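This report introduces a protein structure to a reader who has not met it before. The sequence and the structure are shown first, and a description follows.

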Amino acid sequence: MISEKAASPAFLGERVKLAPSLLSCDFTRLGEELRAIEGADWAHVDVMDGLFVPNISFGLPILAAARRASALFMDVHLMIERPERYLRDFAEAGADGMTVHVEATPHVHRAVGLIRELGKRAGVTLNPGTPLEAVRPVLADVDLVLVMSVNPGFGGQRFLPGSVERVRTLRRWLDELGSAAELEVDGGVTPQNARLLAEAGATVLVAGSSVFGSDGPQAGLSRLREALS
Ligand code: DX5
Ligand code: ZN
């Protein structure tokens with residue numbers, strides 16, 4: 001159960017972390033973009049392999065460059081087949097946390113165990129069409145659960161409203177376990193739905209286009225903070 005205090009307006013903004021997604025930033029100015037999101041809690045790093053998702057984004061060298069440019073927590077979302085093949089490499093390139101998809105490996109339990117052995121925060125996630133039951137067996141063994149609120153592969157998609165109920169259910173399951181794992185939401189997060197997601201129990205909100213929009217990252221972050229205040 002979320003306590004009355006946790007759901008109270010003033011507390012939401014303190015409890016919820018904002019994680020701008022670098023997928024929407026200007027890569028010709030990666031260092032500047034990272035400086036422009038100082039004050040955000042995490043940087044969300046979307047790695048796509050063109051197999052697990054129908055798009056290719058970037059990989060190890062870009063993460064390593066981001067790591068050199070910023071002290072922000074690097075929250076790496078691995079949209080790649082058989083992510084266990086590359087966990088060590090992403091850890092060495094500067095990931096602080098790594099999140100794997102249940103659909104991408106038959107060995108999700110082994111993968112999250114390996115992330116923890118590497119000394120990193122272990123996350124698990126699932127696509128909007130995957131039943132929540134698929135992550136339940138590993139909930140006690142992760143530091144983060146990510147609810148995809150769009151089909152992964154592209155920034156700038158419309159939020160799938162059914163995701164709010166999925167957040168509520170996972171909040172309940174985590175609370176029943178007494179887990180302190182972060183509950184993150186990724187895809188189509190805007191100032192219009194941020195509060196609803198936080199009230200449903202999310203603790204980290206990823207935001208790509210709503211942060212790196214036309215009037216700059218600080219304005220985008222302020223609008224999200226305002227929505228949560
Ligand atoms: C989608 C990525 C997201 C994406 C979010 O596959 O996992 O992190 O960058 O972008 P917006 O916030 O624009 O939906
Ligand atoms: Zn992502």
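## Asn193 and its surroundings

Asn193 has a relative accessible area of 9% and is therefore buried. The model described here is a predicted one. Asn193 is placed in the loop that runs between E7 and helix H8 (194–200). When neighbours within four places in sequence are set aside, the contacts of Asn193 are with Phe159 and Gly188.

## The zinc site

The zinc ion (ligand 2) is held by four residues of the protein, each named here with its donor atom: His44 (NE2), Asp46 (OD), His77 (ND1) and Asp186 (OD). These donors lie 2.0 to 2.3 Å from the ion. The site of the zinc ion (ligand 2) is octahedral, with 6 donor atoms and angles of 69 to 170 degrees among them.

Along the sequence, the spacing of the donor residues of the zinc ion (ligand 2) follows the pattern H-x1-D-x30-H-x108-D. Distant parts of the chain are linked by the pair His44 and Asp186, which are 142 residues apart. His44 belongs to strand E2 (residues 42–48), and Asp186 belongs to strand E7 (residues 182–186). Both His44 and Asp186 are buried.

## The largest pocket

The largest pocket of the model has a volume of about 270 Å³. Its lining is made up of 26 residues, and those closest to the centre of the pocket are Phe154, Gly155, Gly156, Asp186 and Gly187. Asp186 is also one of the protein donors of the zinc ion (ligand 2). Two or more residues of the pocket lining come from each of E2, E3 and strand E8 (204–207).

Sorted by class, the residues that line the largest pocket are 10 nonpolar, 14 polar and 2 charged.

## The cavity

The structure contains 1 cavity of 30 Å³ or more. The volume of the largest cavity is about 50 Å³. Its lining consists of Trp42, Phe73, Asp75, Gly97, Met98, Thr99, Arg121, Ala122, Gly123, Asp143, Leu144 and Glu182.

At least two residues of this lining are supplied by each of strand E3 (73–79), strand E4 (97–101) and strand E5 (121–126). In terms of class, the lining of the largest cavity comprises 5 nonpolar, 3 polar and 4 charged residues.

## Leu22 and its contacts

Leu22 is found in the loop between strand E1 (17–20) and helix H3 (30–36). Is this residue buried or exposed? Leu22 counts as buried because its relative accessibility is 2%, and the cut-off for burial is under 20%.

Apart from neighbours within four places in sequence, Leu22 is in contact with Phe27, Leu30, Leu34, Ile37, His44, Val45, Ala66 and Phe212. Among these contacts, His44 is also a donor to the zinc ion (ligand 2). Leu22 and Arg158 stand 136 residues apart in sequence, and their C-alpha atoms are 18 Å apart in space.

## Arg82

Arg82 lies in the loop between E3 and helix H5 (87–93). Although Arg82 is not a glycine, its phi is positive, at about 45 degrees. The relative accessible area of Arg82 is 37%, so this residue is partly exposed.

Conventions: Residues are numbered from 1 along each chain as its sequence is written. Chains are lettered from A and ligands numbered from 1 in the order in which they are written. This is a predicted model: local features need pLDDT of at least 70, side-chain atom pairs count only at pLDDT 80 or more; totals for chains, interfaces and linings use all residues. Side-chain values use heavy atoms; hydrogens and water are left out. Donors are N, O and S atoms within 2.8 Å of the metal (3.2 Å for Na, K and Ca); water is not among the atoms, so sites may look incomplete. Four donors count as tetrahedral if all angles lie between 85 and 135 degrees; four count as square planar and six as octahedral if opposite donors are over 155 degrees apart and all others between 65 and 115; anything else is irregular. Helices (H or I, at least four residues) and strands (E, at least two) are DSSP runs, numbered from the N terminus. Buried means under 20% relative accessible area, exposed over 50%, partly exposed in between (1.4 Å probe, protein chains only). On a 1 Å grid over the protein atoms alone, a cavity is a set of points where a 1.4 Å probe fits but cannot get out, and a pocket is an open set with protein on both sides within 12 Å along at least five of seven lines; lining residues have an atom within 4 Å of a point. Grid points are joined across faces, edges and corners, and a volume is the space filled by probe spheres set on the points. Ala, Val, Leu, Ile, Met, Phe, Trp, Tyr, Cys and Pro count as nonpolar, Asp, Glu, Lys and Arg as charged, and the others, Gly among them, as polar. Contact means heavy atoms within 4.5 Å.
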